[in-house]
Amino acid sequence: MISHHSNPQQINIAPVSWPIVYSGAVLGLLLSLAVLSGDDYGRVNLLYLLVLFVLVPLFSVAVSTLSMISGKGLNLARLVSNLPLLSTQQKRYLHRLQQQKLDKYWLYLQSQYAAIAYATGCLLGLWLLLLFTDINFVWRSTLLAPEDLLQPLKTIAAPWWYWSAAQPSLELLQATQDSRLITGDREVGIYTQWWPFILATQLFYSLLLRLLVLFAGKVVLRRKLSIDIEQQLSRKINAFQPAYTERSETRIPLTSLPAHYVVTNWDGFAQDELELVSRHLELTDCLVAGPLASDQQHMQAESEKRPQVLLVKAWEPPLGELGDYLD
């Protein structure tokens, strides 16, 4: 949960992680250039583009959504977050969200940012190749005939029914079917007529769809944060109720420690500061936890089975986050 003494309004719902965004953009640009470059004659298989610009975006939306729901699974944001690419501030923010059980929503939103960057990279690759080269769009299949492809392509193009130039037709499919058995002269311009359809496919399935999913994800995360804030306010109100005062009691300070314990440096004390308490505490096996600890250090401290003596700064009371850690 969010620290009880932090201001909820200061929490940015979904700050963009630029390393994740750049990873998506580079991936989209490289894939777009690789697929759209075609063979030695500049021929690009239309069916490959449908996989790249329709199936991959739809599949990735499903995977990232299931990953958010389950809290597990793989998406680009989760993979990049495990690499040494995030800044220290972003790692602290992600660690804080992990304590609030909200990290899966943040990773979900970062996946959408990365997918939007991926779509932008694909669009940039298409624009560069259309501008500086001639792309001949063809399609090849041993099992499919033009009549078999027409209806699936019309279904894909249904969202932009008003753009006639981006609509597939049986004549265009018949004219651009490529086969080693088909010979003869054809009008060269017929092979370039697929680009409006390809462009519209990218704009809708790779870009617009992700923008809608991103908006929905922000709404969900905002509601989760709102619920968490309401719970904080409820706890604060209950803390001042007479019933709580009647049950409260002053605990006697401890004057002895367990026989076997481990010291946990919660507030990032420097070595010279630790030496001041070394006369009173055994610091040979000192753990690190708290806001300044890395994920690995924090997980090690959380999994420790021995009793822990936590060192905190009285002038920086970490009451909420420390309370979450103790719970």
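Q: Which residues does Ile 156 touch, not counting residues up to four places away in sequence?
A: In this predicted model, Ile 156 touches Leu 50, Val 54, Phe 197, Thr 201 and Tyr 205 once residues up to four places away in sequence are set aside. Contact here means heavy atoms within 4.5 Å.

Q: What makes Ile 156 part of a nonpolar core, and which residues have the most contacts inside that core?
A: A nonpolar core is a set of buried residues of kinds such as Ile, Phe and Trp, joined through side-chain atoms within 4.5 Å. The largest one in this structure has 33 residues, and Ile 156 is listed among those with the most contacts inside it, together with Phe 137, Leu 153, Trp 160, Trp 194, Phe 197 and Ile 198. Helix H2 (46-70), H5, strand E2 (136-138), H6, helix H7 (170-175) and helix H8 (195-239) each supply at least two residues of this core, and H2 gives the most, with seven residues. Apart from this core lies another, of 11 residues, including Val 61, Tyr 105, Tyr 113 and Val 213. As a general tendency, nonpolar side chains in soluble globular proteins are buried together.

Q: Which residues of helix H6 are buried, and how do you know that they are on the same side of H6?
A: In helix H6, which covers residues 146-156, the buried residues include Pro 146, Leu 149, Leu 150, Leu 153 and Ile 156. These residues cover an arc of only 130° around the axis, and therefore they are on the same side of H6. An α-helix has 3.6 residues a turn, so residues three or four places apart point the same way.

Q: Why is Cys 122 called buried, and with which residues is Cys 122 in contact?
A: Buried means under 20% relative accessible area, and Cys 122, at 0% relative accessibility, therefore counts as buried. Cys 122 is found in helix H5 and, leaving aside its neighbours within four places in sequence, is in contact with Gly 28, Leu 29, Ser 32, Phe 53 and Gln 202. The C-alpha atoms of Cys 122 and Gly 28 are separated by 4.8 Å, although these residues are 94 residues apart along the chain.

Q: Is Tyr 108 buried or exposed, and how do you know?
A: Tyr 108 has 7% relative accessibility and so counts as buried, the cut-off being under 20%. Tyr 108 lies in helix H5, and its C-alpha atom is 9.5 Å from that of Lys 218, a residue 110 residues apart from Tyr 108 in sequence.

Q: Why does Lys 313 count as buried, and where does Lys 313 lie?
A: The relative accessibility of Lys 313 is 13%, so Lys 313 counts as buried by the cut-off of under 20%. Lys 313 lies in the loop between strand E5 (308-311) and helix H12 (319-326), and its C-alpha atom is separated by 8.6 Å from that of Trp 266, which is 47 residues apart from Lys 313 along the chain.

Q: What makes Ala 259 exposed?
A: Exposed means over 50% relative accessible area, and Ala 259 has 73%, so it is exposed. Ala 259 has its place in the loop between helix H9 (242-247) and strand E3 (262-265).

Q: Why are Asp 285 and Arg 306 called partly exposed?
A: Partly exposed residues fall between the limits of 20% and 50%. Asp 285 has 36% relative accessibility and therefore counts as partly exposed, and Arg 306, with a relative accessible area of 33%, is likewise partly exposed.

Q: How do you know that Asp 285 forms a salt bridge with Arg 306, and what joins Asp 285, Glu 304 and Arg 306 into one network?
A: A salt bridge needs a side-chain nitrogen of Lys or Arg within 4 Å of a carboxyl oxygen of Asp or Glu. The closest N and O atoms of Asp 285 and Arg 306 are 2.7 Å apart, and this pair forms a salt bridge. Arg 306 also forms a salt bridge with Glu 304, again with the closest N and O atoms 2.7 Å apart. Salt bridges that share partners join Asp 285, Glu 304 and Arg 306 into one network, and a search of the whole structure finds two salt bridges.

Methods:
Residues numbered from 1 in each chain as written. Predicted model: local features only at pLDDT ≥ 70, side-chain atom pairs only at ≥ 80, totals over all residues. Heavy atoms only, no water. Buried < 20%, exposed > 50% of the residue type's maximum accessible area, 1.4 Å probe, protein only. Helix = DSSP H or I, 4+ residues; strand = E, 2+ residues; numbered from the N terminus. Arc of directions from axis to C-beta.
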